[in-house]
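Look at the sequence and the structure shown here, and keep both at hand while you work through a few exercises. Try each task yourself before you read its solution.

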Amino acid sequence: QLYGYCYQDSEDIPDTLTTITELGAPVEMIQLLQTSWEDRFRICLSLGRLLHHLAHSPLGSVTLLDFRPRQFVLVDGELKVTDLDDARVEETPCASSADCILEFPARNFSLPCSAQGWCEGMNEKRNLYNAYRFFFTYLLPHSAPPSLRPLLDSIVNATGELSWGVDETLAQLERVLHLFRSGQYLQNSTAGHRAEYQRLPDSTILQEDYRCWPSYHHGSCLLSVFNLAEAVDVCESHAQCQAFVVTNQTTWTGRQLVFFKTGWSHVVPDPNKTAYVRASG
């Protein structure tokens, strides 16, 4: 989001342009790898939307020549570009396809030269491959729901090979969002649950926390779930889980945050939470 700009006429530096962009947090990749997959996917989705905007901007296709994590910031969990010094609008001129080599440290790509004398899609492809090598390959598949992994792997592979353009990449990211937000990613369980859980409305469980990964809280196991059935599935998959507390807090996709607990010896009233404890027997 560009909030403003001003021209500064000076004898020393003529035609100076100052831009004012959103203030955000620096992108720290090591910290991002420790966050939930849901939050990491949000970053990749916002990057896909940004690349789509750059590819179809009113100025034409815009490429970011200095495309690195430090050129971006996180604003409310979404990725925003903050350094516009190295943005370029013009496509690369060419006399033949030999002039259209897109070079990266690990590999090169050969693009066609159009009849108008421009390398076709070079700006878009440069942005897309940089998104793959700096963001998608690290953030998309890692600890994702198993049923979404094939689709996420296809996104990573296609951007790594530049077999998709920005439009198709964004369409597939939006498809992942739909599957995740709607709960369609949940795999049907035919075995049924091994235990029953008693509902304790308007109550929570103090203490009795354990750590799990990735958790929204470092000192406990706080995860997001689509519905109650998924919360039971998560608890059943953790050997130490004997109860869980559903909060009224939701994530950016509308999923509820749930605390998973080792027991329920400290149940106390709380109008904003509902506890579920494993029934004996």
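The exercises below concern a predicted model, and they turn first to a helix and then to the disulfides.

**Exercise 1.** Work out what span helix α3 should have from its number of residues, and check this against its end C-alpha atoms.

Solution. Helix α3 runs over residues 122-139, which makes 18 residues. The expected span is 1.5 Å times one less than the number of residues, so for α3 it comes to 26 Å. The end C-alpha atoms of α3 are 24 Å apart, which agrees with that expectation. The helix axis should also be followed along its course, for α3 bends by about 50° at Tyr132.

**Exercise 2.** Decide whether α3 is mostly covered or mostly uncovered.

Solution. A residue counts as buried when its relative accessible area is under 20%. In α3, 13 of the 18 residues are buried, and the helix is therefore mostly covered.

**Exercise 3.** Find how many disulfides the model has, and how the bonded cysteines pair along the chain.

Solution. Two cysteine sulfur atoms within 2.5 Å are taken as a disulfide, and by this rule the count comes to four. When the bonded cysteines are counted along the chain, the pairing follows the pattern 1-3, 2-4, 5-6, 7-8.

**Exercise 4.** Describe the disulfide of Cys100 and Cys119, including its handedness and its place in the chain.

Solution. The sulfur atoms of Cys100 and Cys119 are 2.1 Å apart, and the two residues form a disulfide. The torsion about their S-S bond is about -85°, so this disulfide is left-handed. The pair links distant parts of the chain, 19 residues apart: Cys100 lies in the loop between β7 (87-88) and β8 (101-103), while Cys119 lies in the loop between β9 (108-110) and α3. Both Cys100 and Cys119 are buried.

**Exercise 5.** Establish which handedness belongs to the link of Cys212 and Cys221 and which to the disulfide of Cys235 and Cys241, and whether these cysteines are buried or exposed.

Solution. Cys212 is joined to Cys221 by a disulfide with an S to S distance of 2.0 Å, and with 90° about the S-S bond this link is right-handed. Cys212 counts as buried because its relative accessibility is 17%, and Cys221 counts as buried at 0%. Cys235 and Cys241 also form a disulfide, with their sulfur atoms 2.0 Å apart, but here the torsion is about -100°, so the disulfide is left-handed. Cys235 is buried, with a relative accessible area of 0%, and Cys241 is buried with 1%.

Definitions and conventions:
Residues are numbered from 1 along each chain as its sequence is written. This is a predicted model: local features need pLDDT of at least 70, side-chain atom pairs count only at pLDDT 80 or more; totals for chains, interfaces and linings use all residues. Side-chain values use heavy atoms; hydrogens and water are left out. Helices (H or I, at least four residues) and strands (E, at least two) are DSSP runs, numbered from the N terminus. The bend at a residue is the angle between axes fitted to the seven residues ending there and the seven starting there. Buried means under 20% relative accessible area, exposed over 50%, partly exposed in between (1.4 Å probe, protein chains only).
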